[in-house]
Amino acid sequence: MSEEIKKEAPKKFTVTIDNIAIEVAPGTTILQAARMIGGDVVPPTMCYYTPLKESGGKCRTCLVEVSKGSEKDPRPMPKLVASCRTTVMDGMEVKNITSERTLHARQGVVEFLLINHPLDCPVCDQAGECDLQDLSFGHGEGGSRLDFPKRTFTKHNIGPYIQLHMTRCIMCYRCVFAADQLTKEREHGVLDRGYHSEIATHIEKALTNDFIGNVIDVCPVGALTDKTFRFKNRVWFTRPEDAHRDCDKCCGKVTLWKRGDDVLRVTARKDQWGEVQTYEDGTVGWICNECRFEKKNTNDWVIEGPTNVSRHSIKSVNHYINMLKPKETIPDVMGRNPKLLMDIHDVSEVNDPSIKLSKINGPATSKTFNKLIENKE
Amino acid sequence: MSQIQFTNRAKAVDRSPLNFIERLYIWNILIGMFITIKHFFKKKATIKYPEQKREVGTAYRGLHILNRDEEGRERCTACGLCAVACPAEAISMEAAERLPDEEHLYREEKYAAKYEINMLRCIFCGLCEEACPKDAIYLSHTFTPTNYHRKGMIYNKEDLLIPNPTTQPEAFAKAKGLIDDKKKK
């Protein structure tokens, strides 16, 4: 019988999102249909991640109003639905930014997500590419109504590669799915329940499985960050460049985040939704631990060119495409290059060439800088 | 005349021949001396700068200071917002992680190990002060001292930090007194 229904079902469903109609294949979620349209109608997501199976349905930021269920059953859905887990029906009408209910609900969701978030963006390495920052800027209210102290956790060390900041976590489970689906054994998970739930390894294990570094890329907030990049620089002062290398474990296609010639950070390439890119042949661009943490030399990589960053992003600040530098006329007039009377490194202590931040595995500390002073003396 | 007049103060030059008094010149000299001597009894337009200082408005933007909290810990966390806001690109910094025995020195887990403002570049626009989320940088009412060398115009963290209220209470009280005096006025 089910086969008969399948035969009768049309090959394409027409769905209308914010009065924009699009034809999609059956089984597509509302979110994916909205992403096909693109622009403002795309609901924001915090927990849903296309390359990770079973992700989504937890954070409730992608709630939308379904004002007409389908052509055959035109009743509206009584509650707002999570667009990442709801598949489209033929003739469905969805309201996202045109629905006040949705916008109001989303504002509430943001307030709840921020209830225990420490808002330590000035310290956090994710600032500038944080989904929660974008979400609260775009949909949140100015202040919080919480009068109680925020939830805190005892700090856990989860190994030499990854830094865990449990207070920033929003319990999206992305890292759990990533570890399940990418690594050979998952060593971390969610302990306890409800208000007390936290991401942890069971009794102080180190996350060192190959491909575990991808949890850094999937984390929408700054809960899991790269320890080899920790406090090295702000993302908007680094220059992203697409690069690749021959890697027998992964695709080897990455984005290098450089400062001068120093490779400060290596990440997988992200698409316009902030997710790891899926290439034309269907492979997802996850990268292995070796590419991410060990290859911090420019010679390790074949550089393809600057990464295309949306000009609305803070990361595009001071990165210009097709910039023409004015021609230096002094050598033409003088017949030689001018003698430079002052080297900036003689007077400035910042960006000292003898300190290679990319060569330090963890964050720089006072020892890093004091050692330099001792050497100079 | 095709010249455009912006004021009505222009006067035609009087080219009539000089009379007897005018030809003596002494009369015109007396008029001139009277104008000069009149200024001896007027309020002076200048002040004796290093000893006396001119009143500046409350919104005056002078030399930068890096703030400490009430326990004397540095407030700056090297978030880089002042540097990204700076239109002259005068601010540069390097961050470091606080070690467990440095908790009395730095307020947050991350701090600015190096912080430099290139005063040759700074245009005193105050955007760094506006951008700072941690109450760490302020533009004070002090004029920036001049210097004979470029080297002396690059201010590092030690030059900019306010005195520590726990280790240098006298210097802190003096600096705070200056601020309180200003607030009273």
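The legends below accompany close-up views of a predicted model.

**Figure 1. Overview of chain A in the predicted model.** The secondary structure of chain A consists of ten helices and 13 strands. Measured out along its principal axes, the C-alpha trace of this chain spans about 80 × 55 × 45 Å. Of the 377 residues in chain A, 36% are buried. Among contacts in chain A with a separation of 6 or more, 64% join residues that are 24 or more positions apart.

**Figure 2. Surroundings of A:Val15 in strand β1 of chain A.** Strand β1 covers residues 13-17, and A:Val15 belongs to this strand. Is A:Val15 buried or exposed? A residue is classed as buried when 20 or more other C-beta atoms lie within 10 Å of its own; A:Val15 has 27 C-beta neighbours inside 10 Å and therefore counts as buried. When neighbours within four places in sequence are left aside, the contacts of A:Val15 are A:Ile22, A:Val24, A:Ala33, A:Val88, A:Met92 and A:Val94. A:Glu185 serves as a reference point elsewhere in the chain: 170 residues separate A:Val15 from A:Glu185 in sequence, and their C-alpha atoms are 40 Å apart in space.

**Figure 3. Crossing of helices α3 and α4 of chain A.** Two packed helices are described by the angle between their axes and the distance between the axes. Helix α3 comprises residues 100-113 and helix α4 comprises residues 131-139; their axes come within 10 Å and cross at roughly 135°. Angles from 65 to 115 degrees count as roughly perpendicular and those over 145 as roughly antiparallel, so α3(A) and α4(A) are oblique to each other. The crossing of α3(A) with α4(A) is left-handed. Which residues meet where the two helices touch? From α3(A) come A:Arg106, A:Gln107, A:Val110 and A:Leu113, and from α4(A) come A:Leu132, A:Leu135, A:Ser136 and A:His139. By character, the residues of this contact comprise four nonpolar, three polar and one charged.

**Figure 4. A:Glu54 in a loop of chain A.** The loop that holds A:Glu54 runs between α2 (30-37) and β3 (63-68) of chain A. The phi angle of A:Glu54 is near 70°, a positive value in a residue other than glycine. A residue counts as exposed if 12 or fewer other C-beta atoms lie within 10 Å; A:Glu54 has 12 and is therefore exposed.

**Figure 5. A:Met171 in a loop of chain A.** This loop lies between β6 (162-164) and α5 (174-182) of chain A. Although A:Met171 is not a glycine, its phi is positive, at about 60°. A:Met171 has 17 C-beta neighbours inside 10 Å and so counts as partly exposed.

**Figure 6. Helix α2 of chain B.** How far apart are the end C-alpha atoms of this helix, residues 26-38? They are 18 Å apart, which agrees with the 18 Å that 13 residues should span at 1.5 Å a residue. Helix α2(B) is hardly covered, since the count of buried residues among its 13 residues is zero.

**Figure 7. Contact between chain A and chain B.** Chain A contributes 19 residues to the contact and chain B contributes 24 residues. On the side of chain A that touches chain B, the largest share comes from helix α10 (residues 366-376), with three residues. The residues on this side of chain A divide into twelve nonpolar, four polar and three charged.

Key: Residues numbered from 1 in each chain as written. Chains lettered and ligands numbered in written order. Predicted model: local features only at pLDDT ≥ 70, side-chain atom pairs only at ≥ 80, totals over all residues. Helix = DSSP H or I, 4+ residues; strand = E, 2+ residues; numbered from the N terminus. Contact = placed C-beta atoms within 7 Å. Expected span 1.5 Å × (residues − 1). Axes fitted to C-alpha atoms, helices over the stretch in contact; angles between N-to-C directions. Parallel < 35°, antiparallel > 145°, perpendicular 65-115°, else oblique. Left-handed = near helix turned anticlockwise from the far one by under 90°. Nonpolar A, V, L, I, M, F, W, Y, C, P; charged D, E, K, R; others polar.
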